[in-house]
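Trainee: Before I use any of these labels at the bench, I would like to go through them one at a time and hear what each rests on.

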Amino acid sequence: MTCKYLKLALLALASVMSWVSYAQTREISGKVVDADGADLQFVNVVLLSLPDSTIVTGAMTDEQGMFCLSAETEQGVVQFSNLGYRTVCLPFADIDGQVV
């Protein structure tokens, strides 16, 4: 009888593990420019979760102003910040491939 319950517990555990590993990673990328259209280098790009603004992941723009973020969520806000510029926050779902 206990062997039957052990098999059932192992089957349940295996199904939960496969469901957890199925989580999709979404990758977004874009370009950050200033008001004149010049590439902005080394801008901090951070994905914040909602509603508490916990940092999920972050990146920095390269020499051409390009960035790429990977996350297992589609919810959140992407914050762009750099010294001397106003901080900008945009919804994560609206960023991919955009010039910010």
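Mentor: The turns below take up the labels one by one.

Mentor: This is a predicted model, in which local features need pLDDT of at least 70 and side-chain atom pairs count only at pLDDT 80 or more, while totals for chains, interfaces and linings use all residues. Residues are numbered from 1 along each chain as its sequence is written, and side-chain values use heavy atoms, with hydrogens and water left out.

Trainee: What makes up the pattern of the protein, read along the sequence?

Mentor: The protein has one helix and seven strands, and along the sequence these follow the pattern α-β-β-β-β-β-β-β. The elements are DSSP runs numbered from the N terminus, with helices being H or I of at least four residues and strands being E of at least two.

Trainee: Why is S81 called buried or exposed?

Mentor: Buried means under 20% relative accessible area, exposed means over 50%, and partly exposed lies in between, with a 1.4 Å probe and protein chains only. S81 has a relative accessible area of 18%, and therefore counts as buried. S81 is found in strand β5, residues 77–81, and, leaving aside neighbours within four places in sequence, is in contact (heavy atoms within 4.5 Å) with V43, N44 and T87. Across the protein, buried residues make up 22% of the 100 residues.

Trainee: Why is Q64 placed in its accessibility class, and what does Q64 touch?

Mentor: Q64 has 42% relative accessibility, so Q64 counts as partly exposed. Q64 lies in the loop between β3 and β4 (66–71), and, not counting residues up to four places away in sequence, touches K31 and D39. The C-alpha atoms of Q64 and A38 are separated by 9.0 Å, with the two residues 26 apart along the chain.

Trainee: How do you know how many disulfides the structure holds?

Mentor: A disulfide is counted as a pair of cysteine sulfur atoms within 2.5 Å, and the structure holds zero disulfides. As for accessibility, C68 is at 38% and so counts as partly exposed, and C89, at 44%, therefore counts as partly exposed too.

Trainee: What makes the phi of F42 worth a remark?

Mentor: Most residues other than glycine have a negative phi, and most peptide bonds are trans. Phi of F42 is near 60°, a positive value in a residue other than glycine, and phi of S53 is likewise positive, near 60°. F42 is in the loop between β1 (26–31) and β2, and its 42% relative accessibility makes F42 partly exposed. S53 is found in the loop between β2 and β3, and its relative accessible area of 45% makes S53 partly exposed.

Trainee: Which peptide bond is cis?

Mentor: The bond from L50 to P51 is cis, with omega near 5°, and P51 is placed in the loop between β2 (44–48) and β3 (55–60).

Trainee: What makes up the lining of the largest pocket?

Mentor: A pocket is, on a 1 Å grid over the protein atoms alone, an open set of points where a 1.4 Å probe fits, with protein on both sides within 12 Å along at least five of seven lines, and lining residues have an atom within 4 Å of a point. The largest pocket is lined by 13 residues, of which V33, L40, Y85, R86 and V88 lie nearest its centre. The lining divides into nine nonpolar, two polar and two charged residues, where Ala, Val, Leu, Ile, Met, Phe, Trp, Tyr, Cys and Pro count as nonpolar, Asp, Glu, Lys and Arg as charged, and the others, Gly among them, as polar.
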